[in-house]
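User: Could you take me through one part of this protein in detail? I would like a close look at the open sheet and at what packs around it.

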Amino acid sequence: MSGIDVEPVEERADEDGGAHTIEVTPTDDVGSVDDRETIEVEPSDDPLEGPEYILYGGKGGVGKTTMAAATALDSARGGTSTLVVSTDPAHSLSDTFETDVPPEPGRIREDVPLYGVEIDPEAAIESGKAAFGGAGGGEVGGGGGPEMPGDIGGLGEMFGEGNPMDALFGGAMPGADEAAAMQLLLEYLDDPRFERVVVDTAPTGHTLRLLQLPELMDTMTGRLLQFRQRIGGMFENVKGMFGGEEVPDEGGLEDLEVLRERIERLRAALQDPSRTDFRIVMVPEEMSVLESKRLRTRLDEFDIPVGTLVVNRVMEPLSDVTDDVEGEFLQPNLDDCAFCQRRWDVQQSALSEAQELFRGTVVKRVPLFADEVRGKGMLEVVAACLR
């Protein structure tokens, strides 16, 4: 045991039932439960300004899901039909919103036009919704074995194992789960029902593989279209081999053309800063700064501009970040707490380095809260910091 005495805290019911109340502890006294008070949070009703696509990226555990959820809620509160999408295989949107987020776009708030989806690529493959379904295989960019990584419209079954498809597509193909996730994301980004789409991406490595997929899938669809067109004449010449039955149709060509057009359209949108804001989320630590720098470098390779840097869990008063929230929040004691002072010094060094590396980029800060950020009330507080 650590030898630290911990007093249990009794839960208190929300007496006034207010829609926007948060229970906090005053900064001058944390010794008694009776000192707890409730404050009123008045989120802005002004429409959220900004592009139609907002993507949050960064290393794992920095708060991407929190930022995406807060931004989506803020957007919907202004009357904008908003979809928040999670591409992270370890979904946590449901936990953050404290409500179930479905595997297909569905409304998650009745009072505002907020919709959510946690992408389930395996379910999409099983249901046949993924054009590049099948058993997953090698990773993007090589490293796969001789097995066919995906079915690719049934062609995998045609050739079986050890087929020449790797040569046909110029190298190893993506795992079916990543390809299916990208295909669904492209579909949701292109969905006319939503005026804004906010994306909670997976940790950096997985996100970069997803960003590589449009280019790779575009190449794959183009070569597959050429391949099917070439073998179409062959099928016409061997109709007799099918006993007079109709030759398998080429209806899949239309689907591939639609997918290819969508890829082209969305690639252009992601590269347009007036339509897309890719926001890198980091915490004020040197390792996170370096990871964020690498991510921005890779995004530059895809011609995807970074419009905003979000620094999360900064040890500073909430009042230094936003004046849209009234009341007192428990904050670190930088005068008498040696531990807080040391962490503050570490954070200031990282913040200075980040400011230098991301010079010319909009920087938003979100304080380190004593309480976990979950549910509507705390998300509205975070949204105020991101405005």
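Analyst: Happy to; here is the sheet, followed by the helices and cores around it.

This is a predicted model, in which local features need pLDDT of at least 70 and side-chain atom pairs count only at pLDDT 80 or more, while totals for chains, interfaces and linings use all residues. Residues are numbered from 1 along each chain as its sequence is written, and side-chain values use heavy atoms, with hydrogens and water left out.

First, the setting. The protein chain holds 11 helices and 10 strands; these are DSSP runs numbered from the N terminus, with helices being H or I of at least four residues and strands E of at least two. Of its 387 residues, 46% are buried, where buried means under 20% relative accessible area, exposed over 50%, and partly exposed in between, using a 1.4 Å probe and protein chains only. Among contacts with a separation of 6 or more, 75% link residues 24 or more positions apart; a contact means heavy atoms within 4.5 Å.

Now the sheet itself. Eight strands form an open sheet with mixed pairing, in the order β5-β6-β4-β7-β3-β8-β9-β10; two strands pair if DSSP finds at least two bridges between them. The edges are β5 (106-109) and β10 (362-367), each with a single partner strand, so one side of each has no neighbour in the sheet. On average, neighbouring strands are turned by 25° against each other, direction ignored; the axes behind such angles are lines fitted to C-alpha atoms, for helices over the stretch in contact, and angles run from 0 to 180 degrees between N-to-C directions.

Let us follow β8 and its two neighbours. Strand β3 (residues 53-57) runs parallel to β8 (residues 276-282), and five bridges join them. Leu55 has Phe278 of β8 as its bridge partner. β8 and β9 also pair in the parallel sense, over five bridges, and here Ile280 is matched with Leu309 of β9. Seven of the nine residues of β9 are buried, so this strand is largely enclosed by the rest of the structure.

One residue of β8 worth a look is Thr276. Thr276 is buried, with a relative accessible area of 3%. Its side chain reaches the backbone oxygen of Ala269 at 2.8 Å, a polar contact, meaning a pair of N or O atoms within 3.5 Å; within protein, one must be able to donate a hydrogen and the other to accept it, and residues adjacent in sequence count only if both atoms are side-chain atoms. Leaving aside neighbours within four places in sequence, Thr276 touches Pro51, Tyr53, Leu55, Ala269 and Leu270.

Ile280 leads us into the packing. Together with Val85, Ile280 has the most contacts inside the largest nonpolar core, which has 38 residues; such a core is a set of buried Ala, Val, Leu, Ile, Met, Phe, Trp, Tyr and Cys residues joined through side-chain atoms within 4.5 Å. Helix α6 (residues 176-189) gives this core its largest share, seven residues. Beyond four places in sequence, the contacts of Ile280 include Gly57, Leu295, Leu299, Val306, Val310 and Phe358. Apart from this core lies another, of 35 residues, among them Tyr56, Val198, Phe329 and Ala384.

Two helices lie across strands of the sheet. Helix α1 (residues 64-77) lies across β3, β4, β5, β6, β7, β8, β9 and β10, running at about 165° to β7. All 14 of its 14 residues are buried. The 14 residues of α1 should span 20 Å at 1.5 Å a residue, and its end C-alpha atoms are 20 Å apart, which agrees; the expected span is 1.5 Å times one less than the number of residues. After α1 comes Gly79, whose phi is positive, near 95°.

Helix α11 (residues 375-386) lies across β3, β5, β9 and β10, at about 145° to β10. In α11, 11 of its 12 residues are buried, among them Gly375, Met378, Val382, Ala384 and Leu386. Its 12 residues should span 16 Å at 1.5 Å a residue, and the end C-alpha atoms are 17 Å apart, which agrees.
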